[in-house]
Amino acid sequence: MSLDAARAVADAVLYEGYLLYPYRASAAKNRTRWQFGVLGPPAAAGGEPPDMAMQCLVRQHGAGTVSIRLRFLQLQTREVRAKHPDGTEEPVAELTVAGTSVLSWDEAVEREIELPELPVGDDVTTEVAVPGGHDTESLTEADGTIVGRIVRRRWPITARVSLTAVPDGDLHRLTVAVANTHPGPVGRAEAVRHSLLGAHLLLEAGDAAFVSVIEPPPEAAAAAARCRQQRCWPVLAGSDRLLLGSPIILYDHPRIAEQSNGHLFDSTEIDELLTLRVMTLTDAEKAEARATDPRAAAIIDRCDAATAADLDRLHGTRRDPDSSSVLIAGVRVGKDSLVRIRPNRRADAQDLFFAGRVARVTAVEEDLDGATHVAVVLLDDPAAELHDWYGRYLYFAPDELVPHPPAPPTTQNRTEDRHQPGREHPS
């Protein structure tokens, strides 16, 4: 995975929870924001903790270097000011300009701080300062009359990034810590203005390789067990040269689904579901969402423009299961094979209800880690056909299944066959 591809995954982390469906300022869930990776001022009243830290493992191949990128959002208030005939201005919650509503709102600006490349084994502390500032934008009617303006304002942010290294066998255990260093006490409302929002790290190794602390190789298992994480979790980002320090717990090598058409700010959701929900919003609700945030407007426009082919693509990729099979107890099991379920992994309490029941295999699939899973529907489930139509299956590992010979057709099955010619009933 390239750095750009890793950054795309990091962007999903950066904007996780930025603005949630239905993407309107009036929605209760969008009145309390910035849920993940917030590093607040240390002396803030009732604010978020000021720091985070992660420990990861790296193996030198030669000289060995590590470069660190600190990424976060800086809050930016968007204040709408209406202009009166006498030339004075007044802050307002909403203003209609050229038939379009504009709302006062809190936006955010992306920040990425790249620190100097450092030798593996060095202990270094770096101070980070992001200045405040403000911008203005005139609001003009169709005839050119200025009826107000937008004032966007940002507040300064200061932080400290420290890197320390401790030898651990033939590895180095790196600790990367980030702390908000904003001086002086601030109130709850002001604290978020000086906070690092969605803070996370991207590390790149040169002439060295990161070692997974989630699934370490046997020789690194003890070193991985000694790693400690504080509000930040290290995961390999597509290769052993890239590592993402995330405020959200992820697996190694996370990636953006190729079917995804863009941000929805909820990466734990299903794009298809959220897209369909957006399409059901009323015109008034969509107008409010567009007025809430430019990023929300982009979501509404993208969903409105979605074609049938786009939605088909979001529905997922169906892989032909006919060529997929797995050997169980010397028997080749694939689509339409019959199996008896013998749950043994305690993955789900409901597995107890499936023990001993016969099921029909619908597919044999492999996950990203190379593990095999067998998708089945229960023969005696009245909703089996519906589950099959929806693609909603039960999944078991091959060692939880026993090949089962097909039973002779019953009178009931033969009757059903007459009503549904061409439909196979494997029971």
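These are my notebook entries on the cavities and one sheet of this structure, which is a predicted model.

**Entry 1: cavities**

I began with enclosed spaces. How many cavities of 30 Å³ or more are there? I found a count of 2.

I then looked up the volume of the largest cavity, and about 60 Å³ of space lies in it. For the second largest cavity, I noted a volume of about 30 Å³.

**Entry 2: the lining of the largest cavity**

Which residues line the largest cavity? I wrote down Leu 14, Glu 16, Gly 17 and Tyr 18, then Trp 34, Gln 35 and Phe 36, and after those Leu 73, Leu 197 and Gly 198. Sorting this lining by class, I got 6 nonpolar, 3 polar and 1 charged residues.

**Entry 3: the lining of the second largest cavity**

Here my list of lining residues includes Cys 56, Val 211, Ser 212 and Val 213. Pro 234, Val 235 and Leu 236 are also in the lining, as are Leu 243 and Asp 252. I also asked which strand gives the largest share of this lining. That turned out to be strand β13 (residues 233-236), with 3 residues. By class, I have 7 nonpolar, 1 polar and 1 charged residues for the second largest cavity.

**Entry 4: the sheet**

Next I turned to a sheet. A reminder to myself: strands of a sheet pair through backbone hydrogen bonds, either parallel or antiparallel.

In what order do the strands of this open sheet come? I read 5 strands in the order β20-β19-β18-β17-β21, with antiparallel pairing. The edge strands are β20 (394-396) and β21, and each of them pairs on one side only. From one strand to the next, I noted a twist that averages 50°.

**Entry 5: who pairs with whom**

I followed strand β17 (residues 338-341) to its partners. With strand β18 (residues 358-366), β17 pairs in the antiparallel sense over 3 bridges. Leu 338 is a handy place to look, as it stands opposite Arg 360 in β18.

β17 also pairs with strand β21 (residues 401-403), again antiparallel and over 3 bridges. Which residue in β21 is the bridge partner of Ile 341? I found Leu 401.

Last, I checked the other edge. Strand β19 (residues 372-378) runs antiparallel to β20, and 3 bridges join the two. To find this pairing in the model, I would start at Val 374, whose bridge partner in β20 is Phe 396.

Conventions. Residues numbered from 1 in each chain as written. Predicted model: local features only at pLDDT ≥ 70, side-chain atom pairs only at ≥ 80, totals over all residues. Heavy atoms only, no water. 1 Å grid on protein atoms, 1.4 Å probe; cavity = no way out; pocket = protein on both sides within 12 Å on 5 of 7 lines; lining within 4 Å. Points joined across faces, edges and corners; volume = space filled by probe spheres on them. Nonpolar A, V, L, I, M, F, W, Y, C, P; charged D, E, K, R; others polar. Helix = DSSP H or I, 4+ residues; strand = E, 2+ residues; numbered from the N terminus. Pairing = 2+ DSSP bridges. Axes fitted to C-alpha atoms, helices over the stretch in contact; angles between N-to-C directions.
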